[in-house]
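Got the viewer open? Let's take a short walk through the model, one selection at a time.

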Amino acid sequence: MINKLCLCSIIILYFNLLLFGSTIFLNAQNIDLYITLLEKGKISEVKENLPELIERYPKDPGIFFLKGLVSNSADEALLNYETLIKDYPNSEYASLSEMKIGEYLFARGLYSQASNQFKKTIINYPIGDHHQMALDLMVNSYQAIGDNDSLRVALKNIKDLYPKLDFNK
């Protein structure tokens with residue numbers, strides 16, 4: 001009898017650990033899955049599932065990132081990115097949100113602000129796979145406004161931090 005009770009308790013404990021652990025893993029998987037769907041142009045599928053994701057994971061930084069990506073309004077998207085950066089500065093999506101803000105500024109032709117944004121993204125987030133893109137857009141932004149002196153200083157500082165980036169483009 002004791003062995004059956006002990007075995008039952010172990011099974012229940014294992015199930016609870018599995019359920020709790022898989023919820024965290026499932027959440028990260030969900031966000032990555034929806035980002036992949038967006039990359040494939042399936043915006044309507046993501047928008048359709050977003051209310052359920054918001055309900056299930058209301059404080060997940062990935063939700064703010066997704067909301068920014070699918071927003072119909074630039075102001076709303078920026079608000080989501082800024083909220084994510086402010087509330088979850090160590091999130092894997094914080095640096096991506098900084099990039100999105102820089103891309104917005106660049107697209108609007110606000111090259112001075114964009115160059116500063118991309119420089120901030122590179123310097124403030126040492127871990128990330130978008131440094132080269134941020135560097136390229138920062139260079140383009142500085143060149144667009146003809147600020148070659150600031151460009152040289154920024155490149156020198158960034159080269160010291162990230163010598164593996166391609167500075168010859």
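Start by selecting F64: with a relative accessible area of 15%, F64 is buried (under 20% relative accessible area, where over 50% is exposed and in between is partly exposed, using a 1.4 Å probe and protein chains only). Before going on, know that this is a predicted model, where local features need pLDDT of at least 70, side-chain atom pairs count only at pLDDT 80 or more, and totals for chains, interfaces and linings use all residues. Residues are numbered from 1 along each chain as its sequence is written, and side-chain values use heavy atoms, leaving out hydrogens and water.

Now look for ring pairs. Four aromatic pairs turn up in the whole structure (rings of Phe, Tyr and Trp, the last by its six-membered ring, with centres within 6.5 Å; planes under 30 degrees apart are stacked, over 60 edge-to-face, the rest tilted). Add Y88 to F64: the ring centres are 6.0 Å apart and the planes sit at 40°, so this pair is tilted. Y88 is partly exposed, at 22% relative accessibility.

Next, select F65 and Y93, a stacked pair with 5.5 Å from centre to centre and 25° between the planes. Both F65 and Y93 are buried. Bring in Y81 as well, and you have one aromatic cluster of F65, Y81 and Y93.

Last stop: S91. Is S91 buried or exposed? S91 is buried, at 14% relative accessible area. A polar atom of its side chain lies 2.9 Å from the backbone nitrogen of Y93.

Technical notes:
A polar contact is a pair of N or O atoms within 3.5 Å; within protein, one must be able to donate a hydrogen and the other to accept it, and residues adjacent in sequence count only if both atoms are side-chain atoms.
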